[in-house]
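Here's a quick briefing to read alongside the coordinates. Have the viewer open, and we'll go from the whole chain down to individual strands.

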Amino acid sequence: MMIKNSLIVLTSIFTIGSFSQSSNQNRTIEKNSKPNIVFILSDDLSFRDVSAYGQKNYKTPHIDKLCMTSTRFTQAYAAAPECAPSRGSFLSGKHVGHGPIRLNSSARGFENLPQDTYTLAKMLQESGYKTGVVGKWGLGYKEDSGNPLKQGFDYHYGFLTHYESHSYFPLVLYENNKEIYFPQNKGMNIEPLYEKDRGNPSHIDFEKYYNQNGKLVYMDMSKAAYTPNLFDDKAAEFIQKNKKAPFFLWFTTNLPHGPTIVDDFRQLKDRKDMDIQSREWGAMVQRLDISVGKLIDRLKEEGVYDNTIIVFASDNGYSMHNPSKSKNFESNDGRLVWEDDPYLHNKGSFTGGKFSGLEGGMRIPFFIHLPKQDTPNVISEPVWLVDLFPTFASVAQAKPVEGIDGFNLIPLLNGDRNAIPKDRFMYFTRKDEQAVRQGPWFAYRSHPNKEVELYLIEEDQLINTNLADQYAEKTASMKKIMETEQQPSEWYWNPGDTQQMFNDKIKKAKETGQLIKNYRPNNIELMPWEKQK
């Protein structure tokens with residue numbers, strides 16, 4: 001199905017450089033004009049968290065409306081099953097087997113992007129774009145090479161490091177390396193929130209954090225600095241200041257990542273039948289929906305909506321209930337179980353979840369709105385966040401970049417279903433786990449010394465039927481990809497490493513003075529899982 005209006009626009013922009021449209025607004029985009037790009041990346045958003053993807057307990061009208069004027073990819077993947085490597089792969093265009101960020105942390109700590117990384121933002125700067133990132137960065141601190149201002153961004157506002165972004169009422173944020181303090185948030189004790197998310201201890205009554213109308217009373221919202229509000233305002237300012245030049249805005253909200261807390265239960269305020277964490281999570285998704293609505297409104301107010309490509313995605317798969325905090329943990333033939341939330345049912349029909357190389361760790365909601373697009377489209381070809389680097393390069397009319405692992409999605413959006421080779425593969429890894437998606441196939445092994453499992457994922461989303469023996473040749477080719485795409489890393493856990501090998505790396509990092517300082521949210525000394533070590 002061809003998309004009315006928008007495909008006329010995109011085809012002309014990326015072939016002859018200009019077009020004329022008569023159906024809606026009778027306006028012409030000048031020759032060689034470059035659309036603005038807004039990438040809305042949610043943090044830990046689960047597959048069925050928004051109503052357009054099947055959520056039944058509440059509505060997300062702004063996201064739904066945008067989705068209904070976009071191309072929706074029904075088989076979309078993150079680049080990794082956790083935050084930092086997924087973001088690093090998006091920015092570098094390289095999969096985690098040889099990308100700059102392999103895991104959330106290495107033997108040294110939270111790694112930063114190396115200075116010589118050629119990021120998508122650097123490419124867009126060179127192509128004449130003003131570039132800004134608002135929200136969660138998580139790829140370096142202001143003194144090191146991972147500073148966003150050293151990685152191609154003209155403007156940054158928000159969190160810099162991974163753990164700091166766990167707070168919705170922070171004591172400090174950063175704006176172009178300047179520390180912005182919020183003394184009004186000193187009353188926020190974040191540590192009990194971790195306890196709640198990890199088991200809801202009976203000695204804390206979290207219901208008292210909210211009044212009978214579902215409003216947060218633990219913090220004085222008339223004075224507190226609440227990150228969703230701050231990020232909305234800074235994103236709007238960036239759009240207003242850069243509306244006359246092509247701009248790239250990466251709106252990387254920390255919603256709805258835990259530990260859960262929200263300003264208002266909204267549509268779930270009367271759902272006392274639900275667990276408080278489920279109500280908070282659902283309300284945080286609703287707050288994300290408000291941010292999307294504000295972004296769209298600002299683009300329209302500034303007169304740039306009709307010349308802006310908008311991408312919406314999550315950075316990894318389902319995360320609400322991983323095995324480490326499951327109340328009813330059990331194993332399935334040795335495979336860990338990520339339980340669906342019993343109230344929201346937001347996981348989707350996949351096995352596994354965040355921190356897992358299984359499908360549930362990587363499958364995400366993902367759609368792209370093109371300039372002047374006013375009808376929905378659906379594409380079933382497998383795609384992933386790594387494809388955004390060459391896609392944005394095409395939009396910016398940049399020179400082709402060598403050594404990246406994605407494919408330009410513009411021809412696919414324009415109706416060419418053969419634009420991406422059918423045999424292209426997507427490679428994933430986390431610690432010992434490795435996975436490959438290629439065409440209709442999904443291959444997985446939990447450790448290099450384990451057998452490769454093979455599934456026809458399009459008809460077996462729960463990976464119940466292992467076809468490795470029946471399709472031995474295909475299994476062998478998938479195994480070869482796993483063995484050749486993973487480049488050994490000096491500091492990260494490589495597939496097949498032992499705990500002793502990793503401990504030796506930590507020892508080396510200490511002895512050579514290469515440990516990376518860890519910044520924690522709201523000045524807490526240790527994260528709960530660090531205390532248990």
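The accessible surface of the chain comes to about 21200 Å², and carbon and sulfur atoms account for 48% of that. Keep in mind that this is a predicted model, so everything here is computed from predicted coordinates. Away from the surface, buried residues make up 62% of the 533 residues in the chain.

**Overall build**

- For a chain of 533 residues, the compact-globule estimate puts the radius of gyration near 24 Å; this chain comes in at 22 Å, which agrees.
- If you're setting up a box, the C-alpha trace spans about 65 × 65 × 50 Å along its principal axes.
- DSSP-style bookkeeping gives 13 helices and 20 strands for the chain.
- Take the contacts between residues at least 6 apart in sequence: 67% of them link residues at least 24 apart.

**The sheet with β17 to β20**

- Four strands make up an open sheet here, running in the order β17-β18-β19-β20 with antiparallel pairing.
- Its edges are β17 (425-430) and β20 (453-456), each of which pairs on one side only.
- Going from one strand to the next, the twist averages 15°.
- Zooming in on one pairing, β19 (residues 441-445) runs antiparallel to β20 over 4 bridges.
- To find that pairing in the viewer, pick A443, whose bridge partner in β20 is L454.
- Helix α11 (residues 472-485) packs on this sheet and touches β17, β18 (433-438), β19 and β20.
- The direction of α11 makes about 60° with that of β19.

**Strand β14 and its partners**

- Which way do the side chains of β14 (residues 366-369) point? F366 and I368 go one way, F367 and H369 go the other, and all are buried.
- One partner of β14 is β4 (residues 71-73), which pairs with β14 in the antiparallel sense over 2 bridges.
- In that pairing, T71 sits opposite I368 of β14.
- Another partner is β11 (residues 308-314), also antiparallel to β14, with 4 bridges.
- There, I310 is the residue standing opposite H369.
- As a general reminder, strands of a sheet pair through backbone hydrogen bonds, in either a parallel or an antiparallel arrangement.

Conventions
Residues numbered from 1 in each chain as written. Predicted model: local features only at pLDDT ≥ 70, side-chain atom pairs only at ≥ 80, totals over all residues. Heavy atoms only, no water. Pairing = 2+ DSSP bridges. Axes fitted to C-alpha atoms, helices over the stretch in contact; angles between N-to-C directions. Contact = heavy atoms within 4.5 Å. Rg over C-alpha atoms; globule rule 2.2 N^0.38 Å. Buried < 20%, exposed > 50% of the residue type's maximum accessible area, 1.4 Å probe, protein only. Areas by Shrake-Rupley, 256 points an atom, 1.4 Å probe, with all protein chains shown as cover.
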